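Work through the exercises below with the sequence and the model open side by side. Each task is followed by a solution in steps.

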Amino acid sequence: MDQIANPSPGFQRNPGKVITVEPYIGTVTVRAGDAVIASSTRAKVLTESPYPRVLYIPFEDIDFDQLRKTELSTHCPYKGDASYWSVLPAAEAGKDAMWAYEQPFDEMIEIRDHGAFYPNKVTIEANPA
C-alpha cells in the first residue's frame, strides 16, 4: 500500500505513537448474565499504552440480535469514529457497552468489522489456547 487514502491525523501529528493489533490465541466469550453475546476464536488484541489491552471480536462472531445501535459516537485521532451498541440482556448496565470503528483510519484497518466491549458492563472471558 503505497499511498494511504484515509490517514490518521493522530499518527501524522505523533508518528512515535505505537498501537499494536495481534491475534488473540484462544477463545473470547462475552456474556450478559446467562446470555452469550459473542464467542470467538478469531479475536484481536489491541495494545495502546497507557490503556488496558482491548479485545476486538469479529462482527461475524457477535450476536447482533441481542444488541441495539445507539446514537453515541466518539472520535479517536488514531482510530477514527466509533459507533456504539447497547447489550439488551444487560438492561441499563448494558447501555453503550460495545463499540466499533466501522470506517477506521487506514493504520487501524485491522479492527474494521470488529467490536469491543466494556468489561464493567458485560463479562468478558478470555481463555488462552
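**Exercise 1. The sheet**

In what order do the seven strands of the open sheet lie, and is the pairing parallel or antiparallel?

Solution. The model is a predicted one. Step 1: reading across the open sheet gives the strand order 1-4-5-9-8-7-6, and the pairing is antiparallel. Step 2: strand 1 (19–23) and strand 6 (67–76) are the edge strands, each with a pairing partner on one side only. Step 3: on average, neighbouring strands of this sheet are turned by 30 degrees against each other, with direction ignored. Step 4: strand 1 and strand 4 (residues 44–48) run antiparallel and are joined by five bridges. Within that region, Pro23 stands opposite Lys44 of strand 4.

**Exercise 2. A salt bridge at strand 4**

Determine which parts of the chain are tied together by the salt bridge between Glu48 and Lys17, and classify both residues by exposure.

Solution. Step 1: the closest N and O atoms of Glu48 and Lys17 are 3.3 Å apart, inside the 4 Å limit for a salt bridge. Step 2: Glu48 belongs to strand 4 and Lys17 to the loop between helix 1 (9–13) and strand 1, so the pair ties together parts 31 residues apart in sequence. Step 3: the relative accessibility of Glu48 is 8%, so Glu48 counts as buried. Lys17, at 18%, also counts as buried, because the cut-off is under 20%. Step 4: Lys17 and Glu48 are linked with Lys79 in a network of salt bridges. Lys17 also lies over the face of Tyr78, 5.0 Å from the ring centre.

**Exercise 3. Two further salt bridges**

The whole structure holds seven salt bridges. For Arg31 with Glu125 and for Glu102 with Lys69, find where the partners lie.

Solution. Step 1: Arg31 and Glu125 meet through their side chains at 3.0 Å, N to O. Arg31 lies in strand 2 and Glu125 in strand 10 (residues 123–128), so this salt bridge ties together parts that are 94 residues apart in sequence. Step 2: Arg31 is partly exposed at 27% relative accessible area, and Glu125 is partly exposed at 27%. Step 3: for Glu102 and Lys69 the closest N and O atoms are 2.8 Å apart. Glu102 is in the loop between strand 8 and strand 9 (114–117), while Lys69 is in strand 6, 33 residues apart. Step 4: Glu102 is partly exposed at 25%, as is Lys69 at 44%.

**Exercise 4. Aromatic pairs**

Of the six aromatic pairs, take Tyr56 with Trp99 and Phe59 with Phe64. What is the geometry of each?

Solution. Step 1: Tyr56 and Trp99 are edge-to-face, 6.2 Å centre to centre with 85 degrees between the planes. Tyr56 sits in strand 5 (residues 54–58) and Trp99 in strand 8 (residues 98–100), 43 residues apart. Step 2: Tyr56 counts as buried at 2% relative accessibility, and Trp99 counts as buried at 10%. Step 3: Phe59 and Phe64 are also edge-to-face, at 5.2 Å and 80 degrees. Phe59 is buried at 16%, whereas Phe64 is partly exposed at 29%. Step 4: ring pairs link Tyr56 and Trp99 with Tyr118 into a cluster.

**Exercise 5. A loop residue**

Is Asp34 buried or exposed?

Solution. Step 1: Asp34 is in the loop between strand 2 (26–32) and strand 3 (35–40). Step 2: the relative accessible area of Asp34 is 79%, so Asp34 is exposed. Step 3: the C-alpha atoms of Asp34 and Thr123 are separated by 10.0 Å, with their positions 89 residues apart along the chain.

Terms used:
Residues numbered from 1 in each chain as written. Predicted model: local features only at pLDDT ≥ 70, side-chain atom pairs only at ≥ 80, totals over all residues. Heavy atoms only, no water. Pairing = 2+ DSSP bridges. Helix = DSSP H or I, 4+ residues; strand = E, 2+ residues; numbered from the N terminus. Axes fitted to C-alpha atoms, helices over the stretch in contact; angles between N-to-C directions. Buried < 20%, exposed > 50% of the residue type's maximum accessible area, 1.4 Å probe, protein only. Phe/Tyr/Trp six-rings, centres within 6.5 Å; stacked < 30°, edge-to-face > 60°. Lys NZ or Arg CZ within 6 Å of the ring centre and 35° of its normal.
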